[in-house]
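Dear colleague,

Please find below the structure that I am handing over to you, together with its sequence. My notes on what was found in it follow directly after.

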Amino acid sequence: LGMPSVPLKLAERRRSRTLQVGSVAVGGDARVSVQSMTTTRTSDIGATLQQIAELTATGCDIVRVACPTQDDADALATIARKSQIPVIADIHFQPKYVFAAIDAGCAAVRVNPGNIKQFDDKVKEIARAASTAGTPIRIGVNAGSLDKRLLAKYGKATPEALVESALWECSLFEEHGFHDIKISVKHNDPVVMVSAYRLLAERCDYPLHLGVTEAGPAFQGTIKSATAFGALLSQGIGDTIRVSLSAPPAEEVKVGLQILQSLGLRERTLEIVSCPSCGRAQVDVYKLAEEVTAGLEGMEVPLRVAVMGCVVNGPGEAREADLGVASGNGKGQIFVKGEVIKTVPESKIVETLIDEAMKIAEQMEKDGAAS
Ligand code: SF4
(Lines give C-alpha, C1' and ligand atoms only; values in the text may rest on other atoms or scores of the structure.)
Protein backbone atom coordinates (compact mmCIF):
# COMPACT_ATOMS: atom_id res chain seq x y z
CA LEU A 1 0.00 0.00 0.00
CA GLY A 2 1.35 3.42 -0.88
CA MET A 3 0.97 6.62 1.07
CA PRO A 4 -2.42 8.33 0.78
CA SER A 5 -2.19 11.32 -1.52
CA VAL A 6 -2.40 14.74 0.09
CA PRO A 7 -3.87 17.79 -1.65
CA LEU A 8 -1.22 20.03 -3.14
CA LYS A 9 -2.85 23.25 -2.08
CA LEU A 10 -3.09 25.69 0.76
CA ALA A 11 -6.17 26.18 2.92
CA GLU A 12 -9.30 27.63 1.35
CA ARG A 13 -9.13 31.37 0.94
CA ARG A 14 -10.94 33.30 3.65
CA ARG A 15 -14.16 34.75 2.32
CA SER A 16 -14.01 38.52 2.20
CA ARG A 17 -15.70 41.38 0.46
CA THR A 18 -14.12 42.53 -2.77
CA LEU A 19 -13.20 46.10 -3.41
CA GLN A 20 -11.75 47.82 -6.39
CA VAL A 21 -8.49 49.74 -6.07
CA GLY A 22 -8.58 51.35 -9.50
CA SER A 23 -8.13 48.50 -11.97
CA VAL A 24 -7.01 46.03 -9.28
CA ALA A 25 -9.60 44.00 -7.37
CA VAL A 26 -8.67 43.27 -3.76
CA GLY A 27 -10.35 40.55 -1.70
CA GLY A 28 -12.84 37.84 -2.64
CA ASP A 29 -11.31 35.59 -5.27
CA ALA A 30 -9.03 38.28 -6.70
CA ARG A 31 -5.40 37.26 -6.85
CA VAL A 32 -3.30 38.49 -3.94
CA SER A 33 -1.79 41.78 -5.06
CA VAL A 34 1.64 43.21 -4.29
CA GLN A 35 2.08 46.76 -3.09
CA SER A 36 4.96 49.04 -2.35
CA MET A 37 5.44 52.66 -1.39
CA THR A 38 7.51 55.32 -3.08
CA THR A 39 10.42 56.89 -1.21
CA THR A 40 10.56 60.10 -3.26
CA ARG A 41 8.98 63.37 -2.19
CA THR A 42 5.52 63.05 -3.72
CA SER A 43 5.65 66.74 -4.69
CA ASP A 44 8.58 65.83 -6.97
CA ILE A 45 6.28 64.51 -9.66
CA GLY A 46 9.02 63.49 -12.10
CA ALA A 47 10.99 61.48 -9.54
CA THR A 48 7.85 59.88 -8.13
CA LEU A 49 6.57 58.83 -11.55
CA GLN A 50 10.03 57.51 -12.40
CA GLN A 51 10.02 55.35 -9.28
CA ILE A 52 6.47 54.20 -9.99
CA ALA A 53 7.56 53.19 -13.49
CA GLU A 54 10.39 51.10 -11.98
CA LEU A 55 7.98 49.49 -9.56
CA THR A 56 5.53 48.76 -12.36
CA ALA A 57 8.30 47.13 -14.40
CA THR A 58 9.23 44.98 -11.39
CA GLY A 59 5.67 43.67 -11.11
CA CYS A 60 4.12 45.93 -8.48
CA ASP A 61 0.30 45.96 -8.66
CA ILE A 62 -0.53 48.98 -6.48
CA VAL A 63 1.65 51.84 -5.28
CA ARG A 64 1.23 54.09 -2.26
CA VAL A 65 2.56 57.61 -1.98
CA ALA A 66 2.89 59.67 1.19
CA CYS A 67 1.00 62.94 1.37
CA PRO A 68 2.25 65.00 4.32
CA THR A 69 2.07 68.49 2.76
CA GLN A 70 -0.09 70.63 0.49
CA ASP A 71 2.57 70.39 -2.25
CA ASP A 72 2.25 66.62 -2.12
CA ALA A 73 -1.53 66.84 -2.28
CA ASP A 74 -1.22 69.16 -5.30
CA ALA A 75 0.92 66.56 -7.10
CA LEU A 76 -1.56 63.70 -6.66
CA ALA A 77 -3.75 64.41 -9.69
CA THR A 78 -0.86 64.25 -12.16
CA ILE A 79 0.66 61.22 -10.48
CA ALA A 80 -2.66 59.35 -10.37
CA ARG A 81 -3.31 60.17 -14.03
CA LYS A 82 0.13 59.22 -15.34
CA SER A 83 0.86 56.17 -13.20
CA GLN A 84 0.28 52.86 -14.96
CA ILE A 85 -0.78 51.21 -11.71
CA PRO A 86 -3.35 52.38 -9.14
CA VAL A 87 -2.07 55.01 -6.70
CA ILE A 88 -3.07 55.10 -3.03
CA ALA A 89 -2.53 58.32 -1.09
CA ASP A 90 -1.25 57.79 2.44
CA ILE A 91 -2.62 60.43 4.77
CA HIS A 92 -2.35 61.08 8.47
CA PHE A 93 -4.40 63.54 10.47
CA GLN A 94 -5.33 65.99 7.70
CA PRO A 95 -8.85 65.61 6.30
CA LYS A 96 -8.21 68.26 3.64
CA TYR A 97 -5.63 65.97 2.00
CA VAL A 98 -8.11 63.11 2.03
CA PHE A 99 -10.58 65.22 0.05
CA ALA A 100 -7.74 66.32 -2.25
CA ALA A 101 -6.72 62.71 -2.88
CA ILE A 102 -10.29 61.67 -3.67
CA ASP A 103 -10.68 64.66 -6.02
CA ALA A 104 -7.32 63.89 -7.61
CA GLY A 105 -8.59 60.48 -8.70
CA CYS A 106 -6.42 58.40 -6.38
CA ALA A 107 -7.50 54.77 -6.50
CA ALA A 108 -7.73 54.59 -2.70
CA VAL A 109 -6.74 56.46 0.42
CA ARG A 110 -5.03 55.11 3.50
CA VAL A 111 -6.28 57.03 6.47
CA ASN A 112 -7.32 56.24 9.99
CA PRO A 113 -10.57 57.97 10.87
CA GLY A 114 -9.61 57.78 14.54
CA ASN A 115 -6.88 60.33 14.16
CA ILE A 116 -9.03 62.49 11.88
CA LYS A 117 -11.75 62.50 14.50
CA GLN A 118 -9.29 63.54 17.15
CA PHE A 119 -8.40 66.78 15.39
CA ASP A 120 -11.25 67.74 13.13
CA ASP A 121 -14.26 65.50 12.91
CA LYS A 122 -14.77 65.17 9.17
CA VAL A 123 -15.30 61.42 9.13
CA LYS A 124 -18.86 61.73 7.88
CA GLU A 125 -17.83 64.02 5.01
CA ILE A 126 -14.96 61.70 4.13
CA ALA A 127 -17.29 58.70 4.07
CA ARG A 128 -19.66 60.61 1.80
CA ALA A 129 -16.94 61.85 -0.58
CA ALA A 130 -15.25 58.43 -0.78
CA SER A 131 -18.57 56.74 -1.35
CA THR A 132 -19.59 59.16 -4.13
CA ALA A 133 -16.23 58.79 -5.88
CA GLY A 134 -16.08 55.01 -5.30
CA THR A 135 -12.78 55.38 -3.51
CA PRO A 136 -11.97 52.66 -0.99
CA ILE A 137 -10.17 53.41 2.24
CA ARG A 138 -7.49 51.41 3.97
CA ILE A 139 -7.48 51.59 7.71
CA GLY A 140 -3.93 50.95 8.81
CA VAL A 141 -3.33 50.20 12.47
CA ASN A 142 0.33 50.11 13.46
CA ALA A 143 1.77 48.95 16.76
CA GLY A 144 3.87 52.13 16.91
CA SER A 145 0.90 54.47 16.66
CA LEU A 146 -1.69 52.57 18.62
CA ASP A 147 -4.42 54.59 20.23
CA LYS A 148 -3.46 55.71 23.77
CA ARG A 149 -6.74 54.45 25.15
CA LEU A 150 -6.02 50.92 23.91
CA LEU A 151 -2.41 51.08 24.97
CA ALA A 152 -3.62 51.89 28.48
CA LYS A 153 -6.23 49.12 28.35
CA TYR A 154 -3.92 46.34 27.10
CA GLY A 155 -0.55 47.62 28.38
CA LYS A 156 1.08 47.22 24.95
CA ALA A 157 0.26 46.54 21.32
CA THR A 158 -1.15 43.03 21.74
CA PRO A 159 -3.06 41.30 18.93
CA GLU A 160 -6.30 42.06 20.79
CA ALA A 161 -5.38 45.75 21.07
CA LEU A 162 -4.52 46.00 17.36
CA VAL A 163 -7.75 44.29 16.34
CA GLU A 164 -9.92 46.30 18.72
CA SER A 165 -8.35 49.46 17.35
CA ALA A 166 -8.94 48.42 13.73
CA LEU A 167 -12.57 47.45 14.34
CA TRP A 168 -13.21 50.67 16.20
CA GLU A 169 -11.74 52.63 13.27
CA CYS A 170 -14.02 50.68 10.92
CA SER A 171 -17.04 51.46 13.08
CA LEU A 172 -16.40 55.17 12.60
CA PHE A 173 -17.03 54.69 8.88
CA GLU A 174 -19.69 52.02 9.27
CA GLU A 175 -21.89 54.38 11.24
CA HIS A 176 -22.06 56.49 8.09
CA GLY A 177 -22.89 53.48 5.93
CA PHE A 178 -19.40 53.21 4.46
CA HIS A 179 -17.96 49.68 4.07
CA ASP A 180 -15.52 50.03 1.19
CA ILE A 181 -12.67 49.27 3.56
CA LYS A 182 -9.57 47.14 3.77
CA ILE A 183 -7.54 46.78 6.91
CA SER A 184 -4.01 46.24 8.11
CA VAL A 185 -2.84 45.54 11.66
CA LYS A 186 0.92 45.77 11.48
CA HIS A 187 3.46 44.87 14.11
CA ASN A 188 7.20 44.38 13.86
CA ASP A 189 7.02 40.99 15.57
CA PRO A 190 5.76 38.35 13.13
CA VAL A 191 4.23 36.27 15.94
CA VAL A 192 2.12 39.18 17.21
CA MET A 193 1.31 40.20 13.66
CA VAL A 194 0.18 36.71 12.62
CA SER A 195 -1.98 36.39 15.77
CA ALA A 196 -3.52 39.81 15.14
CA TYR A 197 -4.46 39.01 11.55
CA ARG A 198 -5.87 35.62 12.52
CA LEU A 199 -8.08 37.28 15.10
CA LEU A 200 -9.08 40.04 12.69
CA ALA A 201 -9.88 37.50 9.97
CA GLU A 202 -12.47 35.94 12.28
CA ARG A 203 -14.00 39.23 13.33
CA CYS A 204 -14.77 40.85 9.98
CA ASP A 205 -15.11 40.20 6.29
CA TYR A 206 -13.07 43.15 5.04
CA PRO A 207 -10.13 42.41 2.75
CA LEU A 208 -6.83 42.34 4.63
CA HIS A 209 -3.61 44.09 3.70
CA LEU A 210 -0.69 42.14 5.21
CA GLY A 211 2.42 43.84 6.47
CA VAL A 212 5.14 43.39 9.04
CA THR A 213 5.97 46.94 9.95
CA GLU A 214 9.53 48.18 10.43
CA ALA A 215 10.67 44.75 9.33
CA GLY A 216 14.24 45.98 9.05
CA PRO A 217 17.04 45.80 6.53
CA ALA A 218 16.61 43.61 3.45
CA PHE A 219 17.77 40.27 4.85
CA GLN A 220 15.91 40.41 8.16
CA GLY A 221 12.87 42.07 6.66
CA THR A 222 12.63 39.46 3.93
CA ILE A 223 12.69 36.62 6.43
CA LYS A 224 10.21 38.27 8.79
CA SER A 225 7.78 39.04 5.99
CA ALA A 226 8.16 35.66 4.33
CA THR A 227 7.52 33.77 7.58
CA ALA A 228 4.57 35.92 8.63
CA PHE A 229 2.93 36.12 5.20
CA GLY A 230 3.60 32.42 4.64
CA ALA A 231 1.85 31.51 7.88
CA LEU A 232 -1.18 33.66 7.04
CA LEU A 233 -1.49 33.09 3.30
CA SER A 234 -1.18 29.34 3.78
CA GLN A 235 -4.31 29.61 5.95
CA GLY A 236 -6.10 31.60 3.28
CA ILE A 237 -5.67 34.93 5.09
CA GLY A 238 -4.46 37.97 3.18
CA ASP A 239 -5.65 39.77 0.06
CA THR A 240 -2.86 42.22 -0.67
CA ILE A 241 0.68 42.36 0.70
CA ARG A 242 3.38 44.89 1.30
CA VAL A 243 6.85 43.81 2.29
CA SER A 244 8.46 46.69 4.23
CA LEU A 245 12.22 46.80 3.87
CA SER A 246 14.85 49.41 4.61
CA ALA A 247 15.83 48.99 0.96
CA PRO A 248 14.71 50.37 -2.42
CA PRO A 249 10.98 49.73 -2.98
CA ALA A 250 11.59 47.57 -6.06
CA GLU A 251 13.27 45.08 -3.70
CA GLU A 252 10.06 44.95 -1.67
CA VAL A 253 8.14 44.03 -4.80
CA LYS A 254 10.62 41.32 -5.79
CA VAL A 255 10.37 39.77 -2.32
CA GLY A 256 6.57 40.03 -2.33
CA LEU A 257 6.31 38.32 -5.71
CA GLN A 258 8.72 35.58 -4.63
CA ILE A 259 6.64 34.92 -1.53
CA LEU A 260 3.49 34.57 -3.62
CA GLN A 261 5.28 32.39 -6.18
CA SER A 262 6.70 30.16 -3.46
CA LEU A 263 3.20 29.59 -2.12
CA GLY A 264 1.84 28.86 -5.58
CA LEU A 265 -0.30 32.02 -5.46
CA ARG A 266 1.36 33.49 -8.53
CA GLU A 267 2.55 31.83 -11.65
CA ARG A 268 6.22 31.21 -11.30
CA THR A 269 8.55 33.09 -13.52
CA LEU A 270 12.18 32.06 -13.50
CA GLU A 271 13.07 29.62 -10.76
CA ILE A 272 16.63 28.54 -10.12
CA VAL A 273 16.85 25.22 -8.33
CA SER A 274 20.41 25.08 -7.11
CA CYS A 275 21.92 22.72 -4.60
CA PRO A 276 23.51 24.07 -1.42
CA SER A 277 26.80 22.40 -2.39
CA CYS A 278 28.66 20.04 -0.11
CA GLY A 279 31.90 18.14 0.15
CA ARG A 280 31.03 16.22 -2.99
CA ALA A 281 30.67 19.28 -5.20
CA GLN A 282 32.95 19.26 -8.19
CA VAL A 283 32.26 22.84 -9.31
CA ASP A 284 31.77 26.17 -7.55
CA VAL A 285 27.98 25.91 -7.25
CA TYR A 286 27.47 29.37 -5.71
CA LYS A 287 29.30 31.10 -8.50
CA LEU A 288 27.55 29.03 -11.13
CA ALA A 289 24.09 29.70 -9.64
CA GLU A 290 24.82 33.40 -9.32
CA GLU A 291 26.05 33.71 -12.88
CA VAL A 292 23.09 31.81 -14.28
CA THR A 293 20.67 33.91 -12.18
CA ALA A 294 22.30 37.14 -13.35
CA GLY A 295 22.29 35.97 -16.98
CA LEU A 296 18.58 35.14 -16.88
CA GLU A 297 17.34 38.05 -14.79
CA GLY A 298 14.11 39.56 -16.04
CA MET A 299 13.03 36.42 -17.88
CA GLU A 300 9.26 36.25 -17.61
CA VAL A 301 8.48 32.72 -18.72
CA PRO A 302 8.02 30.08 -15.99
CA LEU A 303 11.36 28.38 -16.50
CA ARG A 304 12.85 26.06 -13.90
CA VAL A 305 16.62 25.83 -14.17
CA ALA A 306 18.55 23.34 -12.06
CA VAL A 307 22.16 24.00 -11.15
CA MET A 308 23.63 21.00 -9.35
CA GLY A 309 27.11 20.52 -7.99
CA CYS A 310 27.68 16.83 -8.59
CA VAL A 311 26.24 13.70 -10.07
CA VAL A 312 24.60 12.41 -6.85
CA ASN A 313 21.34 14.40 -6.94
CA GLY A 314 22.39 16.39 -9.93
CA PRO A 315 20.97 14.38 -12.80
CA GLY A 316 17.70 13.69 -10.95
CA GLU A 317 16.99 17.37 -10.21
CA ALA A 318 18.27 18.49 -13.58
CA ARG A 319 15.87 16.07 -15.25
CA GLU A 320 12.87 17.40 -13.28
CA ALA A 321 13.60 20.95 -14.42
CA ASP A 322 13.05 22.47 -17.84
CA LEU A 323 16.75 22.87 -18.10
CA GLY A 324 19.65 21.97 -15.91
CA VAL A 325 23.23 21.08 -15.41
CA ALA A 326 24.77 18.30 -13.38
CA SER A 327 28.45 18.89 -12.97
CA GLY A 328 31.28 16.50 -12.45
CA ASN A 329 34.82 15.94 -13.50
CA GLY A 330 35.37 19.43 -14.91
CA LYS A 331 32.36 19.01 -17.19
CA GLY A 332 28.65 19.77 -17.14
CA GLN A 333 25.93 17.53 -18.49
CA ILE A 334 23.24 19.82 -19.85
CA PHE A 335 19.69 18.51 -19.62
CA VAL A 336 16.68 19.88 -21.47
CA LYS A 337 13.29 18.44 -20.49
CA GLY A 338 14.93 15.39 -18.99
CA GLU A 339 17.29 14.60 -21.86
CA VAL A 340 21.04 15.11 -21.84
CA ILE A 341 21.53 17.26 -24.88
CA LYS A 342 25.23 17.83 -24.51
CA THR A 343 28.23 17.73 -22.24
CA VAL A 344 30.33 20.87 -22.10
CA PRO A 345 33.54 21.85 -20.30
CA GLU A 346 33.04 23.68 -17.00
CA SER A 347 34.01 27.02 -18.54
CA LYS A 348 31.10 26.77 -21.00
CA ILE A 349 28.36 25.75 -18.55
CA VAL A 350 26.96 29.24 -17.91
CA GLU A 351 26.82 30.39 -21.50
CA THR A 352 25.34 27.07 -22.63
CA LEU A 353 22.61 27.24 -19.98
CA ILE A 354 21.78 30.83 -20.88
CA ASP A 355 21.66 29.98 -24.61
CA GLU A 356 19.41 27.00 -24.03
CA ALA A 357 17.19 28.98 -21.64
CA MET A 358 16.70 31.66 -24.29
CA LYS A 359 15.73 29.02 -26.86
CA ILE A 360 13.22 27.41 -24.50
CA ALA A 361 11.81 30.80 -23.50
CA GLU A 362 11.36 31.76 -27.15
CA GLN A 363 9.58 28.49 -27.82
CA MET A 364 7.36 28.98 -24.74
CA GLU A 365 6.46 32.47 -25.88
CA LYS A 366 5.61 31.17 -29.37
CA ASP A 367 3.51 28.36 -27.90
CA GLY A 368 1.84 30.88 -25.59
CA ALA A 369 1.06 33.21 -28.50
CA ALA A 370 -0.27 30.31 -30.58
CA SER A 371 -2.65 29.02 -27.90
FE1 SF4 B 1 26.35 18.00 -2.70
FE2 SF4 B 1 25.98 17.03 -5.14
FE3 SF4 B 1 23.87 17.43 -3.55
FE4 SF4 B 1 25.14 19.50 -4.58
S5 SF4 B 1 24.02 17.92 -5.76
S6 SF4 B 1 24.54 19.25 -2.44
S7 SF4 B 1 27.23 18.79 -4.59
S8 SF4 B 1 25.50 15.96 -3.23
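The chain contains 13 helices and 15 strands. Please bear in mind that this is a predicted model. Along its principal axes, the C-alpha trace spans about 75 × 50 × 40 Å. Of the 371 residues in the chain, 50% are buried. Among contacts with a separation of 6 or more, 62% are accounted for by residues 24 or more positions apart.

Helix 1 and helix 10

I begin with helix 1, which covers residues 45-58. Its 14 residues should span 20 Å at 1.5 Å a residue, and the end C-alpha atoms are 20 Å apart, so the expected and computed values agree. Which residues of helix 1 are buried? They are Thr 48, Leu 49, Gln 51, Ile 52 and Leu 55. Viewed down the helix axis, these buried residues fall within an arc of 160°, and they therefore line one face of helix 1. They pack against strand 3 (33-37), strand 4 (62-66), helix 2 (70-82), strand 5 (87-90) and helix 10 (249-262). After helix 1 comes Gly 59, which has a positive phi, near 115°.

Helix 10 is one of the elements against which the buried residues of helix 1 pack. Helix 10 also has 14 residues, which at 1.5 Å a residue should span 20 Å; its end C-alpha atoms are 20 Å apart, in agreement with that value. Helix 10 is mostly covered, with 10 of its 14 residues buried. The buried residues are Pro 249, Ala 250, Glu 252, Val 253, Val 255, Gly 256, Leu 257, Ile 259, Leu 260 and Gln 261. Their cover includes strand 3, helix 1, helix 9 (218-233) and strand 10 (240-242). Strand 3 thus appears in the surroundings of the buried residues of helix 1 and in those of helix 10. Helix 10 is followed by Gly 264, with a positive phi near 75°.

The ligand and its surroundings

The residues that surround the ligand are Cys 275, Pro 276, Ser 277, Cys 278, Arg 280, Ala 281, Met 308, Gly 309, Cys 310, Val 312 and Asn 313. By class, this shell has seven nonpolar, three polar and one charged residues. The UniProt record, an unreviewed entry, lists Cys 275, Cys 278, Cys 310 and Glu 317 under "binding site".

Two of these cysteines deserve a separate description. Cys 275 is in the loop between strand 11 (271-274) and helix 11 (285-296), and Cys 278 is likewise found in the loop between strand 11 and helix 11. Is each of them buried or partly exposed? Cys 275 has a relative accessibility of 17% and therefore counts as buried. Cys 278, at 43%, counts as partly exposed. Leaving aside residues up to four places away in sequence, Cys 275 touches Val 285, Val 307, Met 308 and Gly 309. Met 308 and Gly 309 are also among the residues around the ligand.

Helix 5 and the loop after it

Glu 125 is located in helix 5 and is partly exposed, with a relative accessible area of 34%. Its C-alpha atom is separated by 8.9 Å from that of Phe 99, and the two residues are 26 residues apart along the chain.

Thr 135 lies in the loop between helix 5 (123-133) and strand 7 (137-142). With a relative accessible area of 3%, Thr 135 is buried. Not counting residues up to four places away in sequence, Thr 135 touches Ile 102, Cys 106, Ala 107, Ala 108, Val 109, Ala 130, Phe 178 and Asp 180.

Backbone angles

Most residues other than glycine have a negative phi. Two residues in loops should be noted in this respect. Asn 329 is not a glycine, yet it has a positive phi of about 60°. Asn 329 is in the loop between strand 13 (323-328) and strand 14 (331-336), and at a relative accessible area of 68% it is exposed. Lys 337, also not a glycine, has a positive phi of about 45°. Lys 337 is placed in the loop between strand 14 and strand 15 (339-345).

With kind regards

Notes
Residues numbered from 1 in each chain as written. Predicted model: local features only at pLDDT ≥ 70, side-chain atom pairs only at ≥ 80, totals over all residues. Heavy atoms only, no water. Helix = DSSP H or I, 4+ residues; strand = E, 2+ residues; numbered from the N terminus. Expected span 1.5 Å × (residues − 1). Buried < 20%, exposed > 50% of the residue type's maximum accessible area, 1.4 Å probe, protein only. Arc of directions from axis to C-beta. Contact = heavy atoms within 4.5 Å. Near = heavy atom within 4 Å. Nonpolar A, V, L, I, M, F, W, Y, C, P; charged D, E, K, R; others polar. UniProt positions renumbered as here; feature names shortened; annotations may be inferred.
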